[in-house]
Amino acid sequence: MIKIGVLALQGAVREHIKSIESCGVEAVAIKHKEELQEVDGLILPGGESTTMRRLIDKYDFMDSLKEFAKEGKPMFGTCAGLILLAKNLAGYSEPHIGVMDVTVERNSFGRQVDSFEAELAVKDVASDFPAVFIRAPHIVEAGENVEVLAKHEGRIVAAREGQFLGCSFHPELTDDHRITAYFVDMVKEAKQSHLVNAE
Amino acid sequence: MVTGTDRVKRGMAEMQKGGVIMDVVNAEQAKIAEEAGAVAVMALERVPSDIRAAGGVARMADPRIMEEVMNAVSIPVMAKARIGHIVEARILEAMGVDYIDESEVLTPADEEFHLNKNAFTVPFVCGCRDLGEAARRIGEGASMLRTKGEPGTGNIVEAVRHMRKVNAQVRKVVSMNEDELMTEAKNLGAPYEVLLEIKRLGRLPVVNFAAGGIATPADAALMMELGADGVFVGSGIFKSENPALFAKAIVEATTHYQDYKLIAELSKNLGTPMKGIEISSLAPEDRMQERGW
């Protein structure tokens, strides 16, 4: 059995927990870095990325998050979570966790009045995913090992690089759990291959 | 592609959960708030305690202040419009403000009707003291709620009363039979459909923050303990002796509201909090919470 954590410093934690549980998997809210050791995969939720970063620094989470990534455990960032995962941020000299080979631009669809819903085709997930974009970022540039999963009006809004999954929108705000299920599969596969390698 | 849907408007408030929204009156304060980890700022001309002291009619702030704040920070910027003032709200929407607070802190423009918030693309937050008020605001299209408390007093007692009241009434609705809900709607003065939604979800359909009287990290943690989704701090930060320190401490206390050792630690040497006001010393006409209907 696998367990998936949701970084619970700030943001839409409850919704992700519900979505993970709807996929039949145990979910854990991660408030302290020690708790990362209990989980096989981690979701970085939507929220305010600057706030999450302050709290990550304050509680000395950063090294543990990087270590988590180094162990090959899957990580999934939605909106602010994608910003935390990105290796490059447009207009900023330093990334946050900086593990996924993408360049992300913050608030790139405008302010809240420009926030929107759209139906998206997400590769390997759904042809009709209800995507909710809220002051959303987008992926300006993706590295060569990054697989683009979805675009909206020519902009990359979902992508995967091996163990890392990121999207601009908020699957957790809908009752559609297909992207979460996709991530759950990534976590199961990673755990399986880790066990195989350990033998 | 559609903008201004309930999901987009309510979702924006969901992203603020577990966070602190701070009142600021200029770019410099907004930067201090962002640096401290605020999830949003409320751009105002005066914080509530100064509005209280100044008296007279309190209106929407000078748009220059909102503009200055919006240019200074990357977190969302909220602003207040008077209750029922359609044009102030439309001006704020046109400026690209991220959230509007239809607020009793300002002098109401309409003593009978609130804004029809469903008609706007921009989302609204409204104050409430009980479930009837909360449900009426949701019915009008509010995408986020907050307790009214008693703004600008630095006294938490009213916010506590309102949070407990709303949550107790939500629990009651959830435990009722569906055939009892219409009468409950009548008794509360609440739209029936909103009560049905509360029963179905087992909670309010929008987030409910605490506001009105939060002055210390312990106050913020108390409101989280009582079930708030996050907190608004008005006068509490920039009327304290050391705003930057206070702001950080309140953010941390909100995140880790049950870590009492940590709250003890971060409450040390904060300097003097804002001076408080005993509610019973306020004349009824000076109670902002009585505004709204």
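What percentage of the 293 residues of chain B count as buried? In this predicted model, the proportion is 61% of the 293 residues. The overall dimensions of the chain fit with its length, because a compact globule of 293 residues would have a radius of gyration near 19 Å, and the value computed for chain B, 18 Å, agrees with that expectation. Along its principal axes the C-alpha trace of chain B extends over about 55 × 45 × 45 Å, and the chain comprises 13 helices and nine strands. Of the contacts in chain B that join residues at least 6 apart in sequence, 67% are between residues at least 24 apart. The area that chain B exposes amounts to about 11100 Å², of which carbon and sulfur atoms supply 49%.

Helix α6 of chain B, which covers residues 131–140, illustrates the buried part of this chain. Eight of its 10 residues are buried, so the helix is largely enclosed by the rest of the structure. The buried positions are B:Leu131, B:Gly132, B:Glu133, B:Ala134, B:Ala135, B:Arg137, B:Ile138 and B:Glu140, and the elements of chain B that cover them include the strands β6 (124–128) and β7 (144–147) together with the helices α1 (6–14), α7 (157–175), α8 (181–188) and α9 (192–201). At the start of the helix, a side-chain oxygen of B:Asp130 comes to within 3.1 Å of the backbone nitrogen of B:Gly132, whereas just after the helix B:Gly141 adopts a positive phi of about 110°.

Helix α6 of chain B also takes part in a salt bridge. The side chains of B:Lys117 and B:Glu140 meet with an N to O distance of 2.8 Å. Because B:Lys117 lies in the loop between β5 and β6 of chain B and B:Glu140 in helix α6, this pair ties together parts that are 23 residues apart in sequence. Both B:Lys117 and B:Glu140 are buried. A further salt bridge joins B:Glu104 to B:Arg146, with the closest N and O atoms 2.9 Å apart. Here B:Glu104 is placed in the loop between β5 (99–103) and β6 of chain B and B:Arg146 in strand β7, so the pair ties together parts that are 42 residues apart in sequence. B:Glu104 and B:Arg146 are likewise buried.

Another salt bridge is formed between B:Arg64 and B:Asp62, where the closest N and O atoms are 4.0 Å apart. B:Asp62 counts as partly exposed, because its relative accessibility is 33% and this class lies between the limits of 20% for buried and 50% for exposed residues. Over all chains, a search of the whole structure finds 36 salt bridges. Residues of both chains also appear in a network of salt bridges that links A:Arg14, A:Glu15, B:Glu14 and B:Lys17.

On the surface of chain B, a nonpolar patch is formed by B:Ile86, B:Val87 and B:Ile91, which together contribute about 260 Å² of accessible area. Within this patch, B:Ile91 belongs to helix α5 (residues 86–95) of chain B, and its relative accessible area of 34% makes this residue partly exposed.

In chain A, two buried positions were examined with regard to their surroundings. A:Leu42 is located in strand β3 (residues 41–44) of chain A and is buried, with a relative accessible area of 0%. Apart from its neighbours within four places in sequence, A:Leu42 is in contact with A:Gly5, A:Val6, A:Leu7, A:Ile30, A:Leu36, A:Leu65, A:Phe68, A:Pro74, A:Met75, A:Phe76 and A:Phe183. The C-alpha atoms of A:Leu42 and A:Ala29, residues 13 apart in sequence, are separated by 9.7 Å in space.

The second position, A:Ser168, is found in the loop between β12 (164–167) and α5 (178–198) of chain A, and it counts as buried at 0% relative accessibility. A polar atom of the side chain of A:Ser168 lies 2.8 Å from the backbone oxygen of A:Pro137. A:Pro137 is also among the residues in contact with A:Ser168 when neighbours within four places in sequence are left aside, a list that further includes A:Cys79, A:Leu82, A:Phe133, A:Ala136, A:His138, A:Ile156 and A:Val157.

Technical notes: Residues numbered from 1 in each chain as written. Chains lettered and ligands numbered in written order. Predicted model: local features only at pLDDT ≥ 70, side-chain atom pairs only at ≥ 80, totals over all residues. Heavy atoms only, no water. Patch = residues over 30% accessible without salt bridge, like charges linked within 9 Å, V, L, I, M, F, W, Y side chains within 5 Å. Areas by Shrake-Rupley, 256 points an atom, 1.4 Å probe, with all protein chains shown as cover. Helix = DSSP H or I, 4+ residues; strand = E, 2+ residues; numbered from the N terminus. Buried < 20%, exposed > 50% of the residue type's maximum accessible area, 1.4 Å probe, protein only. Rg over C-alpha atoms; globule rule 2.2 N^0.38 Å. Contact = heavy atoms within 4.5 Å. Polar contact = N/O pair within 3.5 Å; in protein donor to acceptor, adjacent residues only side chain to side chain.
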